[in-house]
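Here are my notes on the model you sent, set out as numbered points so that each can be checked against the coordinates. I begin with one helix and then widen the view.

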Amino acid sequence: PAEPLFRSNNFFKMYKNETFDKDKLAFFRAQKNIVSFTTEQIGELMEELSFDDNKLIIAQEAYPNVVDPQNYYQLQSKFTFSSGKKKLSEFLQSVRR
């Protein structure tokens, strides 16, 4: 169910058109509560960001709206540095208790 909303609202296209990470984050934050995401879609959003800290913000803030949380561990591959992967792992442990 998330896919049509993600694409039909031009959400991803508009997100990608934002130039800087801070602008992408601002757009995401304004829309995140009205859109559901798959883990794969969150990965696509993360790939558009330059910095691991911002990728982590997207991963953490999108989590409540993800339709397949059992796949969220796959997002570790989207980080450039091991510290980002570790922070995502710690986040997932904290929300799954």
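1. The place I would start is H4, a helix that is mostly covered, with 7 of its 9 residues buried. Please bear in mind throughout that this is a predicted model. The buried residues of H4 are Thr39, Gln41, Ile42, Gly43, Glu44, Leu45 and Met46, a list that includes Gln41 and Glu44 as well as Ile42 and Leu45.

2. Two of those H4 residues return when the interior is considered as a unit, since Ile42 and Leu45, together with Ile58 and Tyr72, are the residues with the most contacts inside the largest nonpolar core, which has 24 residues. At least two residues of this core come from each of helix H2 (11-17), helix H3 (21-31), helix H4 (39-47), helix H5 (52-62) and helix H6 (82-95). Among the contributors, H5 gives the most, with 4 residues.

3. H5 therefore deserves a point of its own, given that its 4 residues are the most that any helix gives to this core; within H5, the buried residues are Asp52, Asn54, Lys55, Leu56, Ile58, Ala59 and Ala62. These buried residues of H5 pack against H2, H3, H4 and H6. As general background, an α-helix has 3.6 residues a turn, so residues three or four places apart point the same way.

4. How do H5 and H6 lie relative to each other, and at what angle do they pack? Their axes are 10 Å apart and the packing angle is about 20 degrees; angles under 35 degrees count as roughly parallel, and H5 and H6 are therefore roughly parallel to each other. The crossing in which H5 passes H6 is right-handed. On the H5 side the contact is made by Asp52, Asp53, Leu56, Ala59 and Gln60, and on the H6 side by Gly84, Lys87, Leu88 and Phe91. Asp52, Leu56 and Ala59, which take part in this contact, are also listed among the buried residues of H5.

5. Turning to the protein as a whole, it holds 6 helices and 0 strands, and the pattern read along the sequence is α-α-α-α-α-α. Of its 97 residues, 41% count as buried. Among contacts between residues at least 6 apart in sequence, 68% join residues at least 24 apart.

6. A last point concerns the outside of the protein, where the accessible surface comes to about 5700 Å², and 50% of that surface belongs to carbon and sulfur atoms.

Technical notes. Residues numbered from 1 in each chain as written. Predicted model: local features only at pLDDT ≥ 70, side-chain atom pairs only at ≥ 80, totals over all residues. Heavy atoms only, no water. Buried < 20%, exposed > 50% of the residue type's maximum accessible area, 1.4 Å probe, protein only. Contact = heavy atoms within 4.5 Å. Areas by Shrake-Rupley, 256 points an atom, 1.4 Å probe, with all protein chains shown as cover. Core = buried A, V, L, I, M, F, W, Y, C linked by side-chain atoms within 4.5 Å. Axes fitted to C-alpha atoms, helices over the stretch in contact; angles between N-to-C directions. Parallel < 35°, antiparallel > 145°, perpendicular 65-115°, else oblique. Left-handed = near helix turned anticlockwise from the far one by under 90°.
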